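The following exercises are to be worked with the sequence and the coordinates at hand. Each task is followed by a solution that proceeds step by step.

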Amino acid sequence: MSASTRETPDVLLVDDNDDLRYVLATVLSRHGYHVVEAADEPAAVDALRLHRPSLVLSDLRLPTGDGLGVLRAAKELDPALPVILMTGYGAIEEAVTAVREGALDYLPKPVDHEHLVLMVSRAIEQRRLVTENLLLKEALGSRHGAPTIIGEHPLLLEVLKSLRRVAPTETTVLLGGESGTGKELFARALHAHSDRADGPFVAINCAAIPETLLESELFGHEKGAFTGANARKPGKFEVAHGGTLFLDEIGEMPVNLQAKVLRVLEERSFERVGSNTTLHVDVRLVAATNRDLRAAVAARTFREDLFFRLSVFPITIPPLRDRPTDVPILARHFVERFAREQNKRPPHLSTTAIEALERHAWPGNVRELQNCIERAVILAEGDTIHAQQLNLGAGEIVREAHPAPPRDPWDEIDLSGTLPEASRRVLMEVERRKIAQALEDARWDHAKASAALQIPPRLLLARIRDFKLAPR
Ligand SMILES: Nc1ncnc2c1ncn2[C@@H]1O[C@H](COP(=O)(O)OP(=O)(O)OP(=O)(O)O)[C@@H](O)[C@H]1O
Ligand SMILES: [Mg+2]
């Protein structure tokens, strides 16, 4: 009989005494439980994987292995799986250890049948409630579109704490983090946990839309505002009214649009392209970037005033390699999810598979892990995912091949000496390069070059001499 067709739950009963096992199994099945039996730890571990019981009832002392081993294997498979250990006379200390390690309870031998049935039914009922609660929570969550963020590493928990704290406010949030760390997921979570959860969540990727279209996408346009504007169209700011607007990859936004976004942030107003009518909106802004905006500000590709406005509450999601303990947790979560999607029984990750996952550096972060597991679940035959199916190659090599973060060109500048000295040095270099370039562009026509630079011709001549410039 397969697990999915059974209505009553399974109890895995582990004891080496055949007679006792027979008696207890009979008692339990009389109360409607399906009983799976095992006589030692290895057999119990196999049965756990094969039958996924709802409860484990195991003797503490076993001929091969022991009840604590069964307990650990059960908890590894499913931390919420209730385990009851049966203890002989005088084994109370071991029983206490077992409870400390996560056993639900212990049952003294000789086993009192009524006590047994009561304990089993209570444990199963409790588990049913826990599962129901989880489902309910999930349903509630998805009603508001709250995505589940998986992970338990202290660095992630820290970030989640800030997220939860800032969510109910109106504060603009800037999400940072490498590609695939979950910026969009966090933005959705932020919205779902805000007072605007019933309003719209609107996302726009500033890098994916050509510069010429981005303005009308953001602010909308009137009919005939430009060629191809056949009808008036509201922009994302209007659509997000009463909700949250997520500006993804904001570092790629052209500077002239940055000024307009700043104005919406400050005045909550804007005009559609091709219109003089000022519109007002109530929108909470969340922005994301995988670039160092501070460096972009220094390089003048990002407006400083907008940067300050956006970074009132910055949240940086740590890369997966900085929270390695989350790798197996996320991996198991994705195995469950993709198995469900593919209508498979969730395979289990072999120890070597887990090790391979832990060795990998994950330059593509959670997205890479998710893709890796999806592929592995498709490839998995039987109930186990092996390391080969993860296709991760040799972990150490991958870690070394991880690309170095991009260098900031401003780090190359010589900042030695006093501020006036350093500023003069930088300014001189900018002047020299600018003038040399203008002269090249004008094919050394001094009048043209000085007009382009908007400096008097006499000053240009002086600079050519100072910098010893000559045609190339
Ligand atoms: N902690 C997490 N728990 C569950 N799923 C996660 C988690 N972090 C990321 N994901 C999943 O990983 C994928 C990538 O996340 P997301 O798209 O939010 O990353 P991103 O930081 O926006 O990446 P990019 O910079 O490339 O746009 C998504 O499918 C997301 O649901
Ligand atoms: Mg993204």
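**Exercise 1. The ligand site**

Task: Determine which polar backbone atoms lie 2.8 Å, 3.0 Å and 3.1 Å from an oxygen atom of ligand 1, and describe the shell around the ligand.

Solution.

Step 1. In this predicted model, a polar backbone atom of G180 lies 2.8 Å from an oxygen atom of ligand 1. For G182 the corresponding distance is 3.0 Å, and for E184 it is 3.1 Å.

Step 2. Next comes the cover. Taken on its own, ligand 1 has 640 Å² of accessible area, and the protein covers 85% of this.

Step 3. The shell is then listed. Ligand 1 is surrounded by 17 residues, of which I150, S179, G180, K183 and R367 are the closest. By class, the shell comprises 6 nonpolar, 7 polar and 4 charged residues.

Step 4. The shell is assigned to secondary structure. Helices α7 (183-192), α13 (326-341) and α15 (365-379) each contribute at least two of its residues.

**Exercise 2. Domains and the ligand**

Task: State how the protein is divided into domains, and explain between which of them ligand 1 lies.

Solution.

Step 1. The division gives domain 1 (3-138), domain 2 (154-316), domain 3 (321-400) and domain 4 (418-466).

Step 2. Residues of the shell around ligand 1 come from both domain 2 and domain 3, and the ligand therefore lies between these two domains.

Step 3. For the spacing of domain 3 and domain 4, the centres over C-alpha atoms are compared: they are 58 Å apart.

**Exercise 3. Three residues and their surroundings**

Task: For T289, P319 and S350, decide whether each is buried or exposed, and list the contacts of each beyond four places in sequence.

Solution for T289.

Step 1. T289 belongs to strand β13, which spans residues 284-289.

Step 2. Its relative accessibility is 6%; because this is under the 20% limit, T289 is classed as buried.

Step 3. The T289 side chain comes to 2.9 Å from the backbone nitrogen of R291.

Step 4. With neighbours up to four places away set aside, T289 contacts L174, L175, G176, G177, K183, I250 and G251. One of these, K183, is also among the closest residues to ligand 1.

Solution for P319.

Step 1. P319 sits in the loop that joins β14 (313-316) to α13.

Step 2. A relative accessible area of 13% places P319 in the buried class.

Step 3. Beyond four places in sequence, P319 touches E178, T181 and N365.

Solution for S350.

Step 1. The loop between β15 (348-349) and α14 (351-359) holds S350.

Step 2. S350 has a relative accessibility of 11% and is therefore buried.

Step 3. The side chains of S350 and T352 form a polar contact at 3.0 Å.

Step 4. Outside the four-place window in sequence, S350 touches T384, I385, H386 and A387.

**Exercise 4. Distances from H51**

Task: Locate H51 and give its C-alpha separations from V11 and P319.

Solution.

Step 1. H51 is part of helix α2, and its relative accessible area of 25% makes it partly exposed.

Step 2. V11 is 40 residues from H51 along the chain, with 9.4 Å between the C-alpha atoms.

Step 3. P319 is 268 residues from H51 along the chain, and here the C-alpha atoms are 37 Å apart.

**Exercise 5. Backbone geometry**

Task: Which peptide bond to P110 is cis, and what are the phi values of R52 and R300?

Solution.

Step 1. The reference is set out beforehand: most peptide bonds are trans, and phi is negative in most residues other than glycine.

Step 2. The bond from K109 to P110 is cis, with omega near -5 degrees. P110 lies in the loop between β5 (105-108) and α5 (113-143).

Step 3. R52, which is not a glycine, has a positive phi of about 45 degrees. It occupies the loop between α2 (41-51) and β3 (55-59), and at 32% relative accessible area R52 is partly exposed.

Step 4. R300 likewise has a positive phi, near 65 degrees. Its place is the loop between α11 (293-298) and α12 (304-310). With a relative accessible area of 68%, R300 is exposed, since the limit for this class is over 50%.

Conventions: Residues are numbered from 1 along each chain as its sequence is written. Chains are lettered from A and ligands numbered from 1 in the order in which they are written. This is a predicted model: local features need pLDDT of at least 70, side-chain atom pairs count only at pLDDT 80 or more; totals for chains, interfaces and linings use all residues. Side-chain values use heavy atoms; hydrogens and water are left out. A residue is near a molecule or strand if one of its heavy atoms lies within 4 Å of it. A polar contact is a pair of N or O atoms within 3.5 Å; within protein, one must be able to donate a hydrogen and the other to accept it, and residues adjacent in sequence count only if both atoms are side-chain atoms. Accessible areas come from the Shrake-Rupley method with a 1.4 Å probe; for residues, only the protein chains shown count as cover. Helices (H or I, at least four residues) and strands (E, at least two) are DSSP runs, numbered from the N terminus. Ala, Val, Leu, Ile, Met, Phe, Trp, Tyr, Cys and Pro count as nonpolar, Asp, Glu, Lys and Arg as charged, and the others, Gly among them, as polar. Domain bounds come from an automatic or database domain assignment. Buried means under 20% relative accessible area, exposed over 50%, partly exposed in between (1.4 Å probe, protein chains only). Contact means heavy atoms within 4.5 Å.
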